Amino acid sequence: MKKMNSLIQEEDKKFRPDFIKNVKIPPQALDLEEAIIGSIMIDKKGLDEIIDILFPEVFYKKEHQEIFRSIQKLYHNSKPIDIYTVSNQLKEDRNLELIGNESYLIELTQKVISSAHIEYHSRIVQQKFILRRLIRISSDIIENCYDDSTDVFELLDKAESKLFEINQKYLREKTYENTQILIMKAIDKIKKVESNKEGLSGISSGFYKMDQITSGWQNSDLIIVASRPGMGKTSFMLSMVRNIVIQQGIPVVIFSLEMSSIQLITRLISSETGISSEKLKKACLSNLDWKSIFQKTDKLKKSPIFIDDTPSLSVFSLRAKCRRLISQHGIKLVMIDYMQLMGISDSGSKLRNREQEISIISRNLKSIAKELDIPIIALSQLSRAVETRGGSKRPLLSDLRESGAIEQDADIVLFIYRPEYYGFNTWDSDEKDSCIGQAEIIIAKHRNGGLNKFRLKFINDQVKFIDFEEKSISSSLVWEEDYKKIDKESFFIENINENNDFFSEEYSQDEDDLNYHKNYLKDEDNFSF
């Protein structure tokens with residue numbers, strides 16, 4: 001009998017049409033789909049294990065999709081789940097007849113006896129779904145490839161975003177850690193900070209007071225730097241880039257949606273060489289300037305700065321590019337100039353209003369920072385409400401343009417405020433000191449620290465921010481009683497010898513000037529405490 005059946009099957013294969021032989025059935029696991037749904041209806045506890053794994057569209061059979069959709073509704077409404085409640089929910093949704101009435105639900109429950117191994121079964125069903133989705137995406141890509149009007153780079157971005165969407169929605173697993181593991185991680189982090197001479201737990205900004213307040217830029221943080229146009233957001237960003245990359249050697253990527261990469265590099269050259277950006281733009285350079293460019297840009301050439309000036313960058317492309325840069329170049333910090341120029345998708349669709357788009361963008365930036373465990377610094381515009389306000393015109397959190405979600409998603413919000421921009425010559429403090437060439441950095445939100453503000457020096461012709469010199473000068477001062485106990489001449493000569501570079505660069509133009517400063521400091525009549 002068995003031989004007869006095998007002969008019949010062989011003969012059937014010979015006479016079977018070729019098109020039937022070549023038909024490929026999409027990846028599926030119907031028996032496991034039935035087992036999963038049946039086990040849920042007899043044991044609700046099984047649903048708790050898979051509610052984050054399965055979605056209605058994951059099931060291959062339409063009937064199973066509708067049944068699971070009804071189960072989801074019951075679960076989210078905290079209602080009991082069994083064969084009767086599922087049947088009633090399907091009736092309310094007018095899908096009971098579509099799935100084959102109560103008889104099919106009874107049939108499903110009779111195929112299983114418990115919810116054992118439900119998570120393992122769900123993973124297999126999920127994998128089959130991903131394979132089907134990949135087939136569909138691949139088919140769309142192939143079809144678009146035969147279209148002559150298709151832009152290759154746009155097609156690559158779309159393909160990448162679709163693949164990434166699958167990964168984000170269906171493959172992201174929730175990880176849970178107990179307090180024992182978390183406490184050990186926290187202690188290790190504290191030990192690393194303790195071993196750091198500067199006492200910073202994050203990446204130093206290069207600005208002394210900023211680092212004192214923030215303890216450096218922390219991993220997974222979203223930092224927003226906001227101001228009105230012309231205040232110096234890009235200059236502030238590039239000043240930090242120089243401090244981080246050249247002084248510390250930390251790899252940084254800049255996504256510049258406003259300026260070209262050449263414009264940004266030109267600004268960095270101006271900052272590094274001290275040559276006016278206007279002179280570089282007009283190429284009015286002396287031989288000394290050219291010599292300075294070739295000598296002082298050597299470090300800049302070797303520095304790990306990566307610039308992407310793709311216009312209208314989408315959050316999906318940003319995530320994919322960051323992933324590649326981290327794996328290939330070890331990027332530790334991401335900077336974006338500026339977030340209002342970003343889009344949700346590469347197709348540039350405007351299905352939502354602008355406020356909703358910015359909300360989605362800011363939420364995704366925070367998600368990327370957390371997922372990749374790196375700090376992201378995004379520049380942002382402020383609304384015109386600042387201009388119409390009276391008084392000092394200091395920015396407020398409510399001035400963040402187009403969305404309150406930026407304030408909500410950001411870990412730190414910094415404002416750049418230069419009174420000189422509005423025509424003021426002095427600060428609005430009691431001292432009424434000059435504000436020319438100065439900027440105030442306002443920390444308006446700090447999720448893991450206090451609020452504060454401090455001032456930086458702004459060099460307009462070199463478009464850069466630097467610390468005030470008072471920090472380095474004040475560190476050399478001594479108290480009166482300590483001064484009386486030591487030999488004044490030896491004290492000052494020792495400090496002069498240690499700081500020859502300081503005097504020669506900041507105050508002296510030649511050797512005669514340096515000798516003058518030494519002789520001046522030797523004369524104790526010049527110092528009265």
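**View 1. Salt bridge between Asp-93 and Lys-73 in the predicted model.** In this predicted model, the side chains of Asp-93 and Lys-73 form a salt bridge with an N to O distance of 3.2 Å. The two residues are 20 apart, and the pair links distant parts of the chain. Asp-93 sits in the loop between helix H6 (83-92) and helix H7 (96-99), whereas Lys-73 belongs to helix H5 (residues 62-76). Asp-93 counts as partly exposed because its relative accessibility is 24%. Lys-73, at 35% relative accessibility, is also classed as partly exposed. The structure holds 15 salt bridges.

**View 2. Salt bridge between Lys-366 and Asp-411.** The closest N and O atoms of Lys-366 and Asp-411 are 2.7 Å apart. Lys-366 is part of helix H19 (residues 354-372), and Asp-411 is in the loop between helix H21 (405-409) and strand S6 (412-417), so the salt bridge ties together parts that are 45 residues apart in sequence. Lys-366 has 18% relative accessibility and therefore counts as buried. Asp-411 counts as buried at 4% relative accessibility.

**View 3. Network of Glu-34, Glu-107 and Lys-111.** Salt bridges with shared partners join these residues, Glu-34, Glu-107 and Lys-111, into one network. Within the network, the side chains of Glu-107 and Lys-111 meet at 3.8 Å, N to O. Glu-107 is partly exposed, its relative accessible area being 37%. Lys-111 is likewise counted as partly exposed, at 45% relative accessibility.

**View 4. Surroundings of Val-315.** Val-315 lies in helix H18, which spans residues 315-329. With a relative accessible area of 2%, Val-315 is buried. Leaving aside residues up to four places away in sequence, Val-315 touches Met-342, Gly-343, Ile-344, Ile-361, Asn-364 and Ile-368. One of these contacts, Asn-364, is 49 residues from Val-315 along the chain, and the C-alpha atoms of the two are separated by 6.8 Å.

**View 5. Nonpolar surface patch including Leu-134.** Leu-131, Leu-134 and Leu-163 make up a nonpolar patch of about 230 Å² on the surface. Leu-134 is located in helix H9 (residues 118-145). Leu-134 has 31% relative accessibility and so counts as partly exposed.

**View 6. Patch of negative charge including Asp-147.** Asp-140, Glu-143, Asp-147 and Asp-148 gather on the surface to give a patch of negative charge. Asp-147 is in the loop between H9 and helix H10 (152-170). The relative accessible area of Asp-147 is 39%, which makes Asp-147 partly exposed.

Terms used
Residues numbered from 1 in each chain as written. Predicted model: local features only at pLDDT ≥ 70, side-chain atom pairs only at ≥ 80, totals over all residues. Heavy atoms only, no water. Patch = residues over 30% accessible without salt bridge, like charges linked within 9 Å, V, L, I, M, F, W, Y side chains within 5 Å. Areas by Shrake-Rupley, 256 points an atom, 1.4 Å probe, with all protein chains shown as cover. Salt bridge = Lys/Arg side-chain N within 4 Å of Asp/Glu carboxyl O. Helix = DSSP H or I, 4+ residues; strand = E, 2+ residues; numbered from the N terminus. Buried < 20%, exposed > 50% of the residue type's maximum accessible area, 1.4 Å probe, protein only. Lys, Arg positive; Asp, Glu negative; His and termini not counted. Charge placed at Lys NZ, Arg CZ, Asp CG, Glu CD. Contact = heavy atoms within 4.5 Å.
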